[in-house]
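This briefing accompanies the structure displayed below. It is arranged by topic, so that each part may be read beside the display.

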Amino acid sequence: MSYQNPYTPPRKSATFDDYTLAEIRRAAATGIYDIRGGGTKRKVPHFDDLLFLGASISRYPLEGYREKCDTSVVLGTRFARKPIELKIPITIAGMSFGALSGNAKEALGRGATLAGTSTTTGDGGMTDEERGHSEKLVYQYLPSRYGMNPKDLRRADAIEVVVGQGAKPGGGGMLLGQKISDRVAEMRTLPKGIDQRSACRHPDWTGPDDLEIKILELREITDWEKPIYIKVGGARPYYDTALAVKAGADVVVLDGMQGGTAATQDVFIENVGMPTLACIRPAVQALQDLGMHRKVQLVVSGGIRSGADVAKALALGADAVSIGTAALVAIGDNDPHWEAEYQKLGTTAGAYDDWHEGKDPAGITTQDPELARRLDPEIAGRRLANYLKVMTLEAQTIARACGKNKLHNLEPEDLCALTMEAAAMAQVPLAGTSWYPGKGGF
Amino acid sequence: MCGIVGLFLKDKSLEPQLGALLSDMLITMTDRGPDSAGIAIYGGAPAGKAKITVQSAEPEQEFSGLEADLAKAGIPASVTLKSTHAVIEIDEGKLGEIRAVLAEIRPDIRIMGSGESVEIYKETGLPKDVVSRFDVRAMGGTHGIGHTRMATESAVTTLGAHPFSTGPDQCLVHNGSLSNHNNLRRELKREGMSFETDNDSEVAAAYLTAEMAKGKDLGKALESALDDLDGFFTFVVGTKSGFGVLRDPIACKPAVMAETDQYVAFGSEYRALVGLPGIENARIWEPEPATVYFWDHEKAA
Amino acid sequence: MPVFDLSQTPLRELNSALHQIEKGANDIVFEVVNPRGSHAVAVGIDSPVTVEVKGSVGYYCAGMNDGGTVTVHGSAGPGVAENMMSGTVVIEGDASQYAGATGRGGLLVIKGNAASRCGISMKGIDIVVHGNIGHMSAFMGQSGHLVVLGDAGEALGDSLYEAKLFVRGTVKSLGADCVEKQMKPKHLEKLAALLEKAGVKDVKPEEFKRYGSARKLYNFNIDNADAY
């Protein structure tokens with residue numbers, strides 16, 4: 001090294017970064033794509049890029065306590081004889097028994113019930129623990145139809161026809177053999193220990209025209225009592241929302257790409273679908289174009305973490321939000337308490353996503369009875385209820401500051417955007433301007 | 001940020017003085033809003049006739065020959081000029097037709113309000129100037145409302161001035177700030193209502209019109225407003241024969257009312273009421289939050 | 001015998017009446033006339049009721065049937081007897097696609113032909129087709145029996161789990177992980193019982209071939225990637 005021969009430090013490729021290199025080596029060594037749980041980990045434009053415009057002189061804020069800010073919402077007001085009345089606009093998303101332990105499902109039911117909201121079954125059917133501890137339970141109707149039967153259909157409070165989810169719009173499910181215990185195998189009519197694949201399309205209908213007839217059948221079976229939700233992954237939200245409405249849905253559930261899954265290919269999670277932020281306005285536009293905004297309710301999910309996210313989703317036009325990943329964290333997923341055990345699995349608290357392997361130290365995404373026992377469903381349920389209530393209070397705080405006596409009176413005009421991307425996706429002005437990309441029709 | 005007044009006469013002998021009384025009430029409220037002012041007077045029309053109040057930025061040019069042009073278009077009318085405004089009296093049956101005709105023959109004319117009874121005058125500027133420009137003091141009538149505006153989030157224009165009229169003989173003045181008017185405007189537009197401004201108060205007026213179009217009377221429409229309108233408001237509204245007051249459930253925006261055997265009066269402040277006859281012996285009160293107050297000549301009769 | 005004329009009476013009244021039958025009220029026979037291709041006829045039955053449908057029906061006839069006996073004197077549209085739990089559904093004519101989809105129990109008899117995806121995702125139902133079946137039949141079949149007296153279309157038993165397939169005629173092609181298997185005595189016995197239940201005469205179990213899962217896709221192996 002000298003003035004004549006200067007040192008060039010080693011330079012790593014931005015394209016072939018360390019993570020990419022490790023993935024290539026892993027694929028070469030194992031011959032299988034990376035499967036994991038959770039939603040996208042890449043950074044995408046999100047609610048963090050939006051801010052609320054609180055009231056001051058041109059608008060007046062509300063005080064707390066006596067000056068009420070209503071948080072209730074009714075889902076399924078269009079056709080169902082028994083719509084679902086929720087105290088808070090935050091529901092628990094569908095997660096299967098199989099992916100989660102029985103205790104975890106019970107905890108979700110307990111927490112949701114304490115907070116006055118609903119929880120949802122998943123791919124794998126309805127368990128007694130879950131039904132018993134959930135005051136309001138949404139029963140998912142999935143392509144696999146695992147555990148599907150008319151008795152559970154009738155003891156559900158609503159039916160959610162799952163067409164897709166944000167982590168994998170267009171994809172099916174995958175539950176690896178490690179988690180197919182005797183009970184899971186029996187509920188799914190499968191041999192124990194095999195890798196269970198779930199279909200990506202429904203076995204007996206395809207497209208909106210068939211869906212309309214499928215919805216008719218479900219309504220006839222349940223005597224037009226239950227609200228029918230249609231859940232789609234965020235990819236073409238304008239058309240999918242419009243078609244769900246045309247097919248006769250009471251509620252549209254729209255899941256952005258931050259929405260989690262129990263187990264899917266990493267390449268799918270990271271490269272298919274749209275950020276939640278980008279999904280809401282087109283879906284609301286579809287509802288407005290059909291004159292159905294607030295008549296067919298829109299539930300948005302995928303990356304909802306705080307009362308601010310709830311308030312922002314509602315301001316953009318959603319009627320409610322749904323949480324999955326955040327609910328799991330609230331009951332103990334990825335808790336640093338288990339750091340030593342995460343280390344043994346080659347990961348760290350906060351990064352653990354091998355939910356499909358069934359070795360969850362927190363006892364949530366597992367069918368191992370020893371691990372599952374670690375989760376006390378009563379305590380975990382209480383934690384979830386606390387979290388739901390905090391989020392609600394946070395959303396109310398923001399709404400009151402914007403002068404609203406109902407959370408649902410938040411409007412897009414109460415928001416500004418920090419980035420051009422968020423301004424374009426949410427169609428709200430860049431902070432300090434009255435403009436967003438696309439405004440003016442180009 | 002605004003001052004509002006209203007006067008509903010029970011004693012017919014006061015009717016010739018309506019314009020003068022209301023003018024003084026409104027001028028007293030000038031401090032609360034210097035941007036624009038407006039007044040609606042319900043004076044009745046000859047049986048079978050209707051009135052339409054129009055405004056123009058170039059009244060001399062636009063209003064000249066208007067009577068003749070309307071007659072040519074098949075609408076016999078008598079046009080009375082008042083500064084930037086004109087009141088067109090036509091057969092009641094032509095009320096639906098005249099808007100389209102005006103849009104055709106005088107596209108730049110703006111319609112302030114219409115109906116069997118109401119005349120609406122509003123302009124940018126102070127109440128005293130607006131009142132004298134339209135010679136409001138000389139007008140008689142059964143009831144009327146007035147407004148002086150301090151603009152908040154929408155433009156200071158003639159159309160942005162109150163009262164807002166969105167239906168025949170219906171108008172509204174508002175003090176406060178609504179917090180859900182954008183969503184509500186979108187809904188009302190889908191239901192077929194049209195809007196001239198970005199003003200929150202226009203949304204409130206349109207909302208009441210839409211509710212009354214569903215068959216509600218003004219009182220019932222105001223009750224629904226308590227559920228559907230968010231934010232802060234004191235409304236004074238007029239219909240052909242009625243007069244209503246509503247404050248939001250929090251009721252921060254000021255409101256004072258006075259009632260005697262001769263009238264019911266409303267002011268943003270007590271000062272607005274002090275010139276009324278017999279005010280010393282009137283029952284004076286502040287309207288309760290979330291309570292609909294409603295008087296109607298036809299129902300009283 | 002209650003008669004529902006679907007050209008006069010709304011579908012809702014038929015299904016509602018079928019759902020209101022008290023437990024133990026046996027021997028209830030319903031007749032449905034003029035179905036004219038209606039969807040969701042006699043769905044969600046949960047008692048041992050008998051329904052005679054005089055004519056052809058649309059989608060999802062006898063959907064989720066649990067214990068009823070439904071006979072369609074005509075043809076059935078897509079998804080007949082989908083997710084059946086128990087009971088018997090007989091189609092005198094042909095059935096469209098998805099016949100018996102995800103069925104968990106009971107017996108579905110199709111006296112004519114069935115179109116594509118017959119027995120898709122079947123989970124315990126027994127299906128007997130007197131005629132032929134279309135492509136992709138028994139896709140992802142998990143459990144139960146599919147008996148075909150005629151021929152099967154392309155990709156029979158693709159991604160099959162443990163459903164057992166018996167075909168008397170030709171099979172155009174087998175789907176991924178589906179193979180012909182040895183017919184053992186216990187299979188012949190089961191097949192004979194199914195044929196009898198389905199009212200098939202003059203056909204011997206020995207005339208059939210048996211197909212089932214090769215179980216190579218049960219646990220992932222990159223060397224089977226061509227099948228994915």
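**Charges, chains and selected residues**

Chain A carries 52 positive and 55 negative side chains, and the centres of these two sets are 2 Å apart. The model is a predicted one. The points below treat chain A and chain B as wholes, then the relations between chains, and finally several individual residues.

**Chain A as a whole**

- The secondary structure of chain A consists of 15 helices and 16 strands.
- Chain A has a radius of gyration of 22 Å, which agrees with the value near 22 Å that a compact globule of 442 residues would have.
- Along the principal axes, the C-alpha atoms of chain A occupy a box of roughly 65 × 65 × 45 Å.
- Buried residues make up 60% of the 442 residues in chain A.
- Among the contacts of chain A with a separation of 6 or more, 67% join residues that are 24 or more positions apart.
- Chain A has an accessible surface of about 17,500 Å², and carbon and sulfur atoms account for 56% of that surface.

**Chain B as a whole**

- In chain B there are nine helices and 16 strands.
- For 301 residues, a compact globule would have a radius of gyration near 19 Å, and the 18 Å of chain B agrees with this.
- The box filled by the C-alpha atoms of chain B is roughly 55 × 45 × 35 Å along the principal axes.
- In chain B, 59% of the 301 residues count as buried.
- Residues 24 or more positions apart supply 70% of the chain B contacts that have a separation of 6 or more.
- The accessible surface of chain B is about 11,400 Å², with 49% belonging to carbon and sulfur atoms.
- Chain B has 29 positive and 44 negative charges, and the mean positions of the two groups are 1 Å apart.

**How the chains meet**

- Two pairs of chains touch, and the pair with the most contacts is that of chains A and C.
- Chains B and C do not touch, and 31 Å separates their nearest C-alpha atoms.
- Helix H1 of chain C, residues 11-19, has the buried residues Leu11(C), Leu14(C), Asn15(C), Ser16(C), Leu18(C) and His19(C).
- Within chain A, the buried residues of H1(C) pack against helix H4 (150-155) and helix H6 (207-221).
- Within chain C, these buried residues pack against strand S1 (3-5), strand S2 (29-33) and strand S3 (50-54).

**Helix H1 of chain A**

- Helix H1 of chain A runs over residues 18-30 and has 13 residues.
- From the first C-alpha of H1(A) to the last, the helix reaches 18 Å, close to the 18 Å expected at 1.5 Å a residue.
- Gly31(A), just after H1(A), adopts a positive phi of about 70 degrees.

**Arg305 of chain A**

- Arg305(A) lies in the loop that runs between strand S14 (297-301) and helix H10 (307-315) of chain A.
- The relative accessibility of Arg305(A) is 37%, so this residue counts as partly exposed, a class that lies between the 20% and 50% cut-offs.
- Leaving aside neighbours within four places in sequence, Arg305(A) is in contact with His46(A), Asp48(A), Tyr387(A) and Met391(A).
- Arg305(A) and Arg110(A) are separated by 195 residues in sequence and by 20 Å in space, C-alpha to C-alpha.

**Backbone features in loops**

- Thr189(A) has a phi near 55 degrees, which is a positive value in a residue other than glycine.
- The loop that holds Thr189(A) lies between helix H5 (182-188) and strand S10 (196-197) of chain A.
- Thr189(A) counts as partly exposed because its relative accessibility is 23%, whereas buried means under 20%.
- Ser159(C), also a residue other than glycine, has a positive phi near 55 degrees.
- In chain C, Ser159(C) is placed in the loop between strand S8 (143-148) and strand S9 (164-167).
- Ser159(C) counts as buried because its relative accessibility is 10%, which is under 20%.
- In chain B, the peptide bond from His162(B) to Pro163(B) is cis, and its omega is near -5 degrees.
- Pro163(B) belongs to the loop between strand S8 (143-149) and strand S9 (164-167) of chain B.

Methods. Residues are numbered from 1 along each chain as its sequence is written. Chains are lettered from A and ligands numbered from 1 in the order in which they are written. This is a predicted model: local features need pLDDT of at least 70, side-chain atom pairs count only at pLDDT 80 or more; totals for chains, interfaces and linings use all residues. Side-chain values use heavy atoms; hydrogens and water are left out. Helices (H or I, at least four residues) and strands (E, at least two) are DSSP runs, numbered from the N terminus. The radius of gyration is taken over C-alpha atoms; the globule rule is 2.2 Å times the number of residues to the power 0.38. Buried means under 20% relative accessible area, exposed over 50%, partly exposed in between (1.4 Å probe, protein chains only). Contact means heavy atoms within 4.5 Å. Accessible areas come from the Shrake-Rupley method with a 1.4 Å probe; for residues, only the protein chains shown count as cover. Lys and Arg count as positive and Asp and Glu as negative; His and the chain ends are not counted. The place of a charge is taken as NZ of Lys, CZ of Arg, CG of Asp or CD of Glu. The expected span of a helix is 1.5 Å times one less than its number of residues.
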